Amino acid sequence: MEKIENGFFKVKINLHGGTLESVFDKSAGKELLWQGAIDSWKSKDVVIFPFVARLKDKTFEWRGKEFNLATHGLARYDDFEVSSRSPQSLTILYRSDNDTRVRYPFDFDLYVTYALDGKSLNISMRVENTGDSDMFFGAGFHPAYKIDCVRGDECDDISGNTLIFDGKQELTRYVLNESGAFIVGKEHCEISELALSKQLFKDAKTLIYGGVNGNITLRMNSGSIIYDVCGAPYIAVWSHESRGGYVCVEPWWGLPDFADADKDISRKTGINKLEAGKVFECGYKVKYNFGGESNDK
């Protein structure tokens with residue numbers, strides 16, 4: 001387990017999957033990151049690479065050959081190594097090898113950097129195509145933050161927590177099938193805020209929006225979290241449909257498969273193409289506002 005720290009926060013990063021393990025607010029004296037639960041979501045965060053969510057039949061094709069990948073790709077299931085560190089920042093590396101090529105036939109170096117900046121945590125991803133051909137991939141992040149919650153006998157109550165967008169926005173919403181696995185259509189919507197509830201996630205499974213501009217603020221009675229999604233083309237909002245006091249606001253550079261998807265990776269909707277020797281960078285920032293005072297160090 002790796003750690004970065006400043007006067008406001010202590011952040012732990014798990015090298016298995018390269019994910020956030022803990023975001024502890026020193027001023028408020030509490031853990032901000034969801035810590036997993038057996039009756040809800042067992043995980044806390046996901047570094048999504050090289051595919052977002054699910055592939056149709058868990059497979060894709062490249063140059064006439066079929067490959068198999070689990071949900072959200074490769075990185076979440078494998079180990080990273082430390083590339084560089086300082087007291088307030090950490091860069092970790094996940095590199096292709098013979099094992100990854102069996103599942104995903106491209107050569108890459110994937111760097112993920114966590115950096116504290118006052119009351120903000122900046123998370124970025126750098127993908128380097130180290131092969132000799134075009135590379136096709138998706139990428140994203142999946143942090144789960146605790147929200148105010150009242151525990152129920154059969155269903156937890158997360159009402160009263162709201163996601164607020166920067167003004168009224170005209171977005172594309174991608175509609176999932178009943179299982180929540182694949183996209184079956186898209187529709188135009190106007191949205192300025194989203195009232196959270198377990199019923200919302202029971203009905204929609206995951207809310208996926210394209211075209212979000214500006215920041216998204218998670219407003220709770222206990223404080224707020226401001227997400228600067230840095231121009232991510234898609235934003236997903238998810239929580240377990242009945243259990244768990246948390247919500248995931250997920251910047252995505254890619255989409256789950258459509259129900260009628262072509263398995264050829266180069267023709268997938270939302271896929272990114274990276275030429276040999278080139279670099280792709282993305283990321284997001286979160287600012288935490290939970291009161292209390294501390295001096296940055």
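This passage describes charged pairs and cavities in a predicted model. Residues are numbered from 1 along each chain as its sequence is written, and side-chain values use heavy atoms, without hydrogens or water. Local features need pLDDT of at least 70 and side-chain atom pairs pLDDT 80 or more, whereas totals for chains, interfaces and linings use all residues.

Side chains of opposite charge can pair when their charged atoms come close. The structure holds 21 salt bridges (a side-chain nitrogen of Lys or Arg within 4 Å of a carboxyl oxygen of Asp or Glu). Asp39, Arg151, Asp156 and Arg243 are linked in a network of such bridges. Aspartate 39 pairs with arginine 151, with the closest N and O atoms 2.7 Å apart. This pair links distant parts of the chain, 112 residues apart. Aspartate 39 sits in the loop between strand 4 (30–31) and strand 5 (47–48), and arginine 151 in the loop between strand 14 and strand 15 (strands are DSSP runs of E, at least two residues, numbered from the N terminus). Aspartate 39 also bridges to arginine 243, at 4.0 Å between the closest N and O atoms. Here the partners are 204 residues apart.

Aspartate 156 lies in the loop between strand 14 (144–146) and strand 15 (162–176). It is buried, because its relative accessibility is 4% (buried means under 20% relative accessible area, exposed over 50%, partly exposed in between, with a 1.4 Å probe and protein chains only). Arginine 243 is buried too, at 11%. Arginine 151 is exposed, at 53%. Aspartate 39 is partly exposed, at 35%.

A second site centres on lysine 268, in the loop between strand 21 (246–253) and strand 22 (272–274). Its side chain meets that of aspartate 257 in a salt bridge of 3.1 Å, N to O. Both residues lie in that loop, so the pair ties together parts eleven residues apart in sequence. Lysine 268 is buried, at 8%. Aspartate 257 is buried as well, at 6%.

Lysine 268 also borders a cavity: of the 15 residues that line the largest cavity, the closest to its centre are Phe51, Leu255, Lys268, Thr269 and Ile271 (a cavity is a set of points on a 1 Å grid over the protein atoms alone where a 1.4 Å probe fits but cannot get out; lining residues have an atom within 4 Å of a point). The volume of the largest cavity is about 100 Å³. The second largest cavity has about 40 Å³. Its lining includes Phe8, Asp25, Lys119 and Tyr288.

Conventions: Helix = DSSP H or I, 4+ residues; strand = E, 2+ residues; numbered from the N terminus. 1 Å grid on protein atoms, 1.4 Å probe; cavity = no way out; pocket = protein on both sides within 12 Å on 5 of 7 lines; lining within 4 Å. Points joined across faces, edges and corners; volume = space filled by probe spheres on them.
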